[in-house]
Amino acid sequence: MNKHCLVILTSLFFTFSAFAQVSKLPFKYESSKAHVGTAIVFKISDMDSKSKSKPYYITEYQQDETTFYDLGDLSDMYAQVQDGYSIFDINYFCYNKVENCNPYAYAKLANSSNETTITYYLSEQKAEGTMSYFNLFKKLSEFSGNLKLKASTSYEVSGFLLDFLYAMRFYNGDFSNFSVGMHTILKSFAAEVSFEGQENYNNKQCDKWKVTKLDSKGKQSDEYEIIWFEKVDGIYNPLKIEAHLDGLVFKNSFIEVVEQKRMTPSEWEKYKQGMIEELRIKLSIPEDK
């Protein structure tokens, strides 16, 4: 994967959206089901047995019912750190605003961050985004664009649908299939969500759900994501994910929840800054004076 594409993909880790019309979504928002003050650490590995790539990590912290902060650690592969936040729309059950940056870009320069901002106009089924980054010549580049979404709620593919995981906490349907949407930075798709039965994982009974991208004729493609949810007190918590989607760092990704912890906003900020400093030292990036 070339570095230009890598910047585009990794700059969008914390964006997501997908679905049909709001009235048809099998979700009912209840504030008691939000996991405010919880940080979840995801480990993402390449499922290709021939791959020598090391895993990367994303930590997601929910500060309140609609605000999420994220920290991505790709330092075992590239000079990549992703520091971002997202706003969850409780009417559309997906993110409607995403911002993130890599504080060191990939040029290993202090104070040379690339930034991405995406705003979703969900009632109009469109998204607008702007990204700035330092190119190989260490010059700032920027581009912007907009995308027509296939559905009024849509999930961004390269982030493996994190807001879909949160939306499923509010699931109150009858396990029937329902229609959603997906998109990459350049193209949008229709998708279908289906219940795939139950399966034991790590001695826990899980419900399996599958999100399948549809082709231009409305038929199921070979791109999909499967999520194993444990139900605790009637609320879905994700345990593991298999994602087979174009637009990911690893086209065939295995994602598992490796840690959950409670944090206050100040504890999160201290944790995040400490992690970024550890990564700066690990990547031999000079300290910003």
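Strands, like helices, are taken here as DSSP runs numbered from the N terminus, a strand having at least two residues. In this predicted model, one such pair of strands, S11 (178-183) and S12 (188-201), is separated by a loop that contains Ile185. The points below concern that loop residue, the pairing around strand S16, the salt bridges and the aromatic rings.

**Nonpolar surface patch**
- Ile185 joins Phe143 and Leu186 in a nonpolar surface patch of about 290 Å².
- Ile185 counts as partly exposed because its relative accessibility is 34%.

**Strand pairing around S16**
- Strand S16 (residues 252-262) pairs with strand S2 (residues 38-46) through nine bridges, in the antiparallel sense.
- Within S16, Lys261 is the residue that stands opposite Ala39.
- Strand S15 (residues 235-244) also runs antiparallel to S16, and five bridges join the two.
- Phe254 in S16 is the bridge partner of Glu242.
- In a regular strand, side chains alternate between the two faces of the sheet.

**Salt bridges**
- The structure contains 13 salt bridges.
- Side chains of opposite charge can pair when their charged atoms come close.
- Glu223 and Lys213 form a salt bridge with an N to O distance of 2.9 Å. This pair links distant parts of the chain, with Glu223 in strand S14 (residues 220-232) and Lys213 in strand S13 (residues 204-214), 10 residues apart.
- Glu223 is classed as buried because its relative accessibility is 9%, and Lys213 is likewise buried, at a relative accessible area of 7%; the cut-off for buried is under 20%.
- Glu124 and Lys126 form a salt bridge in which the closest N and O atoms are 3.5 Å apart. Glu124 is partly exposed, with 41% relative accessibility, and Lys126 is partly exposed at 26%.
- Lys261, the residue opposite Ala39, forms a salt bridge with Glu259, the closest N and O atoms being 3.3 Å apart. Glu259 is partly exposed at 37% relative accessibility, and Lys261 is partly exposed with a relative accessible area of 21%.
- Elsewhere, Asp83, Glu269 and Lys272 are joined into one network by salt bridges that share partners.

**Aromatic rings**
- The whole structure holds 27 aromatic pairs.
- A pair of aromatic rings is described by the distance of the centres and the angle of the planes.
- Lys240 lies over the face of Trp228, 4.1 Å from the ring centre.
- Lys231 lies over the face of Tyr236, at 4.9 Å from the ring centre.

Conventions
Residues are numbered from 1 along each chain as its sequence is written. This is a predicted model: local features need pLDDT of at least 70, side-chain atom pairs count only at pLDDT 80 or more; totals for chains, interfaces and linings use all residues. Side-chain values use heavy atoms; hydrogens and water are left out. Patches are made of residues with over 30% relative accessible area and no salt bridge: like charges are joined within 9 Å, nonpolar side chains (Val, Leu, Ile, Met, Phe, Trp, Tyr) within 5 Å. Accessible areas come from the Shrake-Rupley method with a 1.4 Å probe; for residues, only the protein chains shown count as cover. A salt bridge is a side-chain nitrogen of Lys or Arg within 4 Å of a carboxyl oxygen of Asp or Glu. Helices (H or I, at least four residues) and strands (E, at least two) are DSSP runs, numbered from the N terminus. Buried means under 20% relative accessible area, exposed over 50%, partly exposed in between (1.4 Å probe, protein chains only). Rings of Phe, Tyr and Trp (its six-membered ring) pair if their centres lie within 6.5 Å; planes under 30 degrees apart count as stacked, over 60 as edge-to-face and the rest as tilted. A charge sits over a ring if NZ of Lys or CZ of Arg is within 6 Å of the ring centre and within 35 degrees of the ring normal. Two strands pair if DSSP finds at least two bridges between them.
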